[in-house]
Amino acid sequence: MHTALLLEMITDALDDRPAAGHRDDAITYRDLLAMARGGGAWIGRRPGDVVAYIGLNSPDMPVAVFASAMAGRAFAPLNYRLPDADLRRILARTAPSVAVVDDDMLPRVEGVEGVAAVARSVFAAACRDPAGPAASPPEVDPDIAVLLFTSGTTGEPKAAILRHHHLTSYVLSTVEFMSADESEAALISVPPYHIAGVSAVLTNVYAGRRMVHLPAFTPEAWVEAAAGEGITHAMVVPTMLDRILDILEARKEALPALRALSYGGGRMPPAVIARALRQLPNVDFVNAYGLTETSSTIAVLGPEDHHAARDGTDPKARRRLASVGRPLPGLEVEIRDGEGRVVPMGASGEVCVRGDQISGEYVGRRLIGDDGWFHTRDSGYLDEDGYLFLEGRMDDVIVRGGENISPGEIEDVLRAHPCVADVAVLGAPCDRWGERVVAVVAPRGEADAEALKSWVRARLRSTKAPEEIRFQSELPYNETGKLLRRVLKAQFVQAPQGSVKLTAAG
Amino acid sequence: MDLKPGSRWKSAVCTSEAVVVRPPKAPVGLECGGRPMLTLAEDRLEGLAPAAEHASGSLIGKRYFDEESGIEVLCSKAGAGSFSVDARPLRVKEAKKLPSSD
């Protein structure tokens with residue numbers, strides 16, 4: 001099924017409903033469909049297979065998503081925060097393409113071969129031209145809906161392929177058509193090039209909910225938009241939530257309209273979600289776990305689970321707050337060992353998933369098996385009721401003397417110490433053990449390395465206590481809240497002594 | 001009738017339209033209002049109404065399925081006729097309520 005049909009259906013049912021923009025001047029679903037058709041026809045007159053999108057969030061973003069779909073082109077939102085050289089290199093990979101670019105960013109990307117770059121204002125005017133022709137989506141849809149470049153924290157970004165049937169399958173299995181009432185509004189603050197930014201457009205449209213796009217995230221702007229726009233639904237990444245709570249506290253803002261707040265895209269520190277539950281007692285919290293390659297969410301920890309944990313008396317419910325909940329209906333999740341065998345309940349292994357929304361495909365490379373199983377490279381386990389607990393990326397697991405140690409568990413223990421504001425636990429190369437456990441701590445006030453080591457030793461096996469702790473004022477994150485472990489790890493890698501020749505040869 | 005996933009069909013006798021979400025395991029005929037459904041390019045039949053036993057209507061956004069053949073369709077436009085395969089009425093698939101996650 002084609003993504004454009006989602007918009008056609010909701011417009012058929014609710015044509016006057018506000019679709020995107022501010023409370024006072026939002027475009028309706030009828031407007032959004034007309035603009036997508038106009039934009040689709042405009043794109044269709046230009047060469048290429050891809051529509052690259054480089055810019056901040058705005059109501060033009062959903063227009064561009066659906067205009068690309070109408071034209072049968074892949075929508076490829078790019079990370080405008082990349083340095084110019086990286087941005088241009090990735091843009092060149094979309095050729096032949098049309099690029100819709102924020103007016104002030106246009107000079108950064110001009111002259112890339114095979115890319116027709118146009119200002120967003122020009123594209124928006126073409127979409128709004130009532131005299132222009134209108135496109136309608138192709139009837140059969142083997143084509144690619146979205147190309148998303150991974151953040152490339154471990155190398156050259158890969159272009160993940162999401163086809164129309166992956167995305168519509170995700171929407172149909174998670175959203176009830178027209179389930180939003182007229183008063184609902186969703187605040188979208190993840191950038192356009194994040195999978196959650198794309199899926200938010202599709203799911204909110206199918207629900208019939210007004211979308212409010214925050215041009216770029218700051219906690220102040222988020223709180224002001226949430227209060228001023230009567231926001232009822234929002235999704236944030238963990239690093240945003242703590243900063244939002246600071247502003248809410250300082251301004252004594254209660255956000256009475258807010259009903260549902262979902263979070264995902266990275267590990268949520270237990271202290272932050274505990275604080276959120278206390279500070280926003282009437283909000284339904286949802287923890288969503290998913291990857292770009294899985295068309296967004298594959299498991300959710302729902303409001304009931306959060307409410308059960310909120311009153312604090314049920315230890316099981318409190319423990320489950322650290323889980324990502326249960327897989328979506330219709331998806332299969334298995335935990336497998338290094339040989340591909342399913343492990344017993346409660347044992348750790350690689351999270352594998354199968355279902356209609358799973359793509360697992362990149363340009364030039366398929367990572368999904370013929371049997372449909374996709375290996376997420378996330379490590380985790382399932383408990384007796386099917387709740388999924390994540391332990392980090394497989395690549396981040398520390399192997400110390402043959403023992404697999406998950407950084408997440410140690411980080412949680414350290415984060416519970418009053419002198420620790422933020423922490424990352426890593427494996428550093430070590431001649432004796434292969435890897436040794438080290439930690440980088442952003443301290444709160446005066447922190448003492450020896451005291452922190454004993455703190456861990458008192459709570460976990462001694463092999464899990466960091467052998468070395470370094471302090472720095474802040475840990476490095478990318479703008480969507482992913483910890484840049486590679487950057488931290490690099491400072492623990494010393495040049496091998498007396499092996500200059502070997503290094504040169506290898 | 002090639003009921004491929006994503007293929008779209010319209011009723012011959014009412015305003016209903018459907019898109020195939022899950023294909024049938026073996027060939028079947030998809031009908032609405034008791035008449036075979038048409039491709040979007042074909043013209044509706046003039047002056048016909050849904051047959052009485054297939055006139056309970058279709059609702060936009062609802063998914064309909066047939067256990068025997070495994071076919072599942074999404075109603076993309078509402079109408080007076082109801083869906084069937086080989087004269088077996090399709091049943092409404094009750095959606096599981098999930099919290100909004102994005």
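Me: How many aromatic pairs does a search of the whole structure find over all chains?
Reply: The model is predicted, so local features are taken only where pLDDT is at least 70. A pair of aromatic rings is described by the distance of the centres and the angle of the planes. Searched over all chains, the whole structure gives six aromatic pairs.

Me: Is the pair of A:Trp42 and A:Phe123 stacked or edge-to-face?
Reply: The two ring centres lie 5.6 Å apart. The planes meet at 70°. Planes over 60 degrees apart count as edge-to-face. Therefore the pair of A:Trp42 and A:Phe123 is edge-to-face.

Me: How many residues apart are A:Trp42 and A:Phe123?
Reply: A:Trp42 belongs to helix α2 (residues 29-44) of chain A. A:Phe123 belongs to helix α6 (residues 120-128) of chain A. The pair links distant parts of the chain, and the separation is 81 residues.

Me: Are A:Trp42 and A:Phe123 buried or exposed?
Reply: Buried means under 20% relative accessible area. A:Trp42 has 7%. A:Phe123 has 1%. So A:Trp42 and A:Phe123 both count as buried.

Me: What is the angle between the planes of A:Tyr80 and A:Tyr193?
Reply: These two tyrosines form an aromatic pair, 5.8 Å centre to centre. The pair is edge-to-face, and the angle between the planes is 80°.

Me: Where in chain A is A:Tyr193?
Reply: Its partner A:Tyr80 is in the loop between β4 (74-77) and α4 (84-93) of chain A. The partners are 113 residues apart. A:Tyr193 is in the loop between β9 (185-188) and α8 (195-207).

Me: Which residues have the most contacts inside the largest nonpolar core?
Reply: In soluble globular proteins, nonpolar side chains tend to be buried together. The largest core here has 81 residues. Among its residues, the most contacts inside it belong to A:Leu7, A:Leu32, A:Phe123 and A:Tyr206.

Me: How many residues are in the second, separate core?
Reply: This core includes A:Ile247, A:Leu277, A:Val283 and A:Phe389. It is separate, and its count is 39 residues.

Me: Which ring lies under A:Lys158, and which under the charged end of A:Arg336?
Reply: A:Lys158 is 5.1 Å from the ring centre of A:Tyr362 and lies over its face. The charged end of A:Arg336 is 4.6 Å from the centre of its ring. The rings are A:Tyr362 for A:Lys158, and for A:Arg336 the ring of A:Trp373.

Me: Which are the edge strands of the open sheet in chain A?
Reply: Four strands form this sheet, in the order β16-β17-β20-β21, with antiparallel pairing. Each edge strand pairs on one side only. The edge strands are β16 (332-336) and β21 (388-393).

Me: Which residue in β20(A) stands opposite A:Gly349?
Reply: Strands β17 (residues 349-354) and β20 (residues 374-382) of chain A pair in the antiparallel sense over four bridges. Opposite A:Gly349 in β20(A) stands A:Gly380.

Me: How many residues are between β1(B) and β2(B)?
Reply: β1 (residues 8-10) and β2 (residues 17-22) of chain B pair in the antiparallel sense over three bridges. B:Lys10 has B:Glu17 as its bridge partner in β2(B). The two strands form a hairpin, and the count between them is six residues.

Me: Which residue in β7(B) stands opposite B:Arg22?
Reply: β2(B) also pairs with β7 (residues 72-77) of chain B. This pairing is antiparallel, over five bridges. Opposite B:Arg22 in β7(B) stands B:Glu72.

Technical notes
Residues are numbered from 1 along each chain as its sequence is written. Chains are lettered from A and ligands numbered from 1 in the order in which they are written. Side-chain values use heavy atoms; hydrogens and water are left out. Two strands pair if DSSP finds at least two bridges between them. A nonpolar core is a set of buried Ala, Val, Leu, Ile, Met, Phe, Trp, Tyr and Cys residues joined through side-chain atoms within 4.5 Å. Buried means under 20% relative accessible area, exposed over 50%, partly exposed in between (1.4 Å probe, protein chains only). Rings of Phe, Tyr and Trp (its six-membered ring) pair if their centres lie within 6.5 Å; planes under 30 degrees apart count as stacked, over 60 as edge-to-face and the rest as tilted. A charge sits over a ring if NZ of Lys or CZ of Arg is within 6 Å of the ring centre and within 35 degrees of the ring normal.
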